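Before reading on, please take a moment to look over the sequence and the model together. The report is meant for someone meeting this structure for the first time.

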Amino acid sequence: MLRVEALAAAYGQSQALSDVGLDVAAGEVVTLLGRNGMGKTTTVRAIMGLLGSVGGRVTGGDIRFGSAALIGQPPHAIARRGIGLVPEGRQIFPSLSVEENLVATARPGRWGLDAVYGLFPRLRERRGNSGRNLSGGEQQMLAIGRALMTDPRLLILDEATEGLAPLIRAEIWSVLGQLKSEGQAILLIDKNLSAVMRLADRHVIIERGRTVWTGDSAALASAPELREQYLHV
Ligand code: ATP
């Protein structure tokens, strides 16, 4: 479904990515792992066509979604092809209500307001509140709900549980598990290794802008030296 090959990207003179490769098949959950600053968010920005807006650019490689080549396409065109992003820092619209946030970028498909409220009952209770009045956890639920409302074939989450209270984290992991069981393909960046090892089918480790390892949870679990070398855990 998604295939990233030999991806290279730079911010000005600084080469952030030099050789990133990863695949996500339909229905698969894949994590992108690596220490801070190794290029995970840059990889996500390249996939979504967002590098230009933060002063970066793709300098090589290929990104395919189905048969479509994504490099050079604008973000809205990439989103319309069926990739939904839950960005780092959530980036919900602070002046819009919960419901307005959800419908702002919605497309007809599997997800409507009732389905999203079913997944996150808290959002139904807060449907009239403006984005800026939500807790961090509620904002994160809203960011996930908003991405689902675009009816994504692939959902990408960048640090979706970062900085959240344990109970909210648990709720988000449970929702991601539910989405997986319904066949949703997911590409996930998260520092909680034990949670991603339970959820994901495969993991891709990047180190200084290149893919250095890919394998399943059993392989990662049985390779403590790998975790120590590349993840420092
Ligand atoms: P983190 O977990 O800290 O978000 P990451 O693996 O997502 O890390 P990136 O944010 O992709 O890493 O950063 C990769 C490299 O690119 C780092 O050296 C970072 O300093 C640099 N970088 C990221 N964003 C920019 C930017 N907008 N302008 C210049 N350099 C950037």
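The sections below go through strands, helices, pockets and two single residues in turn.

## Nature of the model

The structure shown here is a predicted model, in which local features are described where pLDDT is at least 70.

## Strands 3, 6, 7, 8 and 9

Strand 3 is mostly covered, with 5 of its 5 residues buried. Val29, Thr31 and Leu33 point one way from this strand, while Val30 and Leu32 point the other way, and the residues on both sides are buried. Strand 3 runs parallel to strand 8 (residues 185-189), to which it is joined by 3 bridges, and here Val29 stands opposite Ile186 of strand 8. Strand 3 also runs parallel to strand 9, with 4 bridges joining the two, and in this pairing Thr31 has His203 of strand 9 as its bridge partner.

Strand 7 (residues 154-158) has 5 of its 5 residues buried, so it is largely enclosed by the rest of the structure. From this strand Leu154, Ile156 and Asp158 point one way and Leu155 and Leu157 the other way, and all of them are buried. Strand 7 pairs with strand 6 in the parallel sense over 4 bridges, and Leu157 in strand 7 has Val86 opposite it. Strand 7 is also joined to strand 8 by 5 bridges, again with the two strands running parallel, and in this case Asp158 stands opposite Ile189 of strand 8.

## Helix 1 and Thr42

In helix 1, 8 of the 9 residues are buried, so this helix is largely enclosed by the rest of the structure. The buried residues are Lys40, Thr41, Thr42, Thr43, Val44, Ala46, Ile47 and Met48. Helix 1 is followed by Gly49, which has a positive phi, near 75°.

Thr42, which has its place in helix 1, gives a closer view of this enclosure. Is Thr42 buried or exposed? With a relative accessible area of 7%, Thr42 is buried, because that value falls under the 20% that marks a buried residue. Leaving aside residues up to four places away in sequence, Thr42 touches Ala9, Tyr11, Ala16, Leu17 and Leu51. One of these contacts can also be described by distance, since Thr42 and Leu17 are 25 residues apart in sequence and 7.6 Å apart in space, C-alpha to C-alpha.

## Helix 10

Helix 10 (residues 224-231) has buried residues at Leu226, Arg227, Tyr230 and Leu231. Seen down the helix axis, the buried residues of helix 10 fall within an arc of 95°, so they line one face of the helix. An α-helix has 3.6 residues a turn, so residues three or four places apart point the same way. On the other side of helix 10, Glu225 and Glu228 are exposed.

Which elements cover the buried residues of helix 10? The covering includes strand 3 (29-33), strand 9 (202-207) and strand 10 (210-216), together with helix 8 (193-199) and helix 9 (217-221). Just after helix 10 comes His232, which takes a positive phi of about 55°.

## The two largest pockets

The largest pocket has a volume of about 620 Å³. It is lined by 23 residues, of which Met48, Leu50, Leu85, Pro87 and Arg146 are the closest to its centre. Helix 1 (40-48), helix 2 (75-80), strand 6 (83-86) and helix 6 (136-148) each supply at least two residues of this lining. Sorted by class, the lining of the largest pocket has 11 nonpolar, 6 polar and 6 charged residues.

The second largest pocket has a volume of about 180 Å³. Of the 13 residues that line the second largest pocket, Gly34, Arg35, Asp190, Lys191 and Leu231 lie nearest its centre. Its lining has 6 nonpolar, 2 polar and 5 charged residues. Leu231, named here in the lining, is also one of the buried residues of helix 10.

## Gly128, a residue in a loop

Gly128 lies in the loop between helix 5 (121-125) and helix 6. Gly128 is exposed, with a relative accessible area of 63%. Gly128 and Ala106 are 22 residues apart in sequence, and the distance between them in space is 17 Å, C-alpha to C-alpha.

Definitions and conventions
Residues numbered from 1 in each chain as written. Predicted model: local features only at pLDDT ≥ 70, side-chain atom pairs only at ≥ 80, totals over all residues. Heavy atoms only, no water. Buried < 20%, exposed > 50% of the residue type's maximum accessible area, 1.4 Å probe, protein only. Arc of directions from axis to C-beta. Contact = heavy atoms within 4.5 Å. 1 Å grid on protein atoms, 1.4 Å probe; cavity = no way out; pocket = protein on both sides within 12 Å on 5 of 7 lines; lining within 4 Å. Points joined across faces, edges and corners; volume = space filled by probe spheres on them. Nonpolar A, V, L, I, M, F, W, Y, C, P; charged D, E, K, R; others polar. Pairing = 2+ DSSP bridges.
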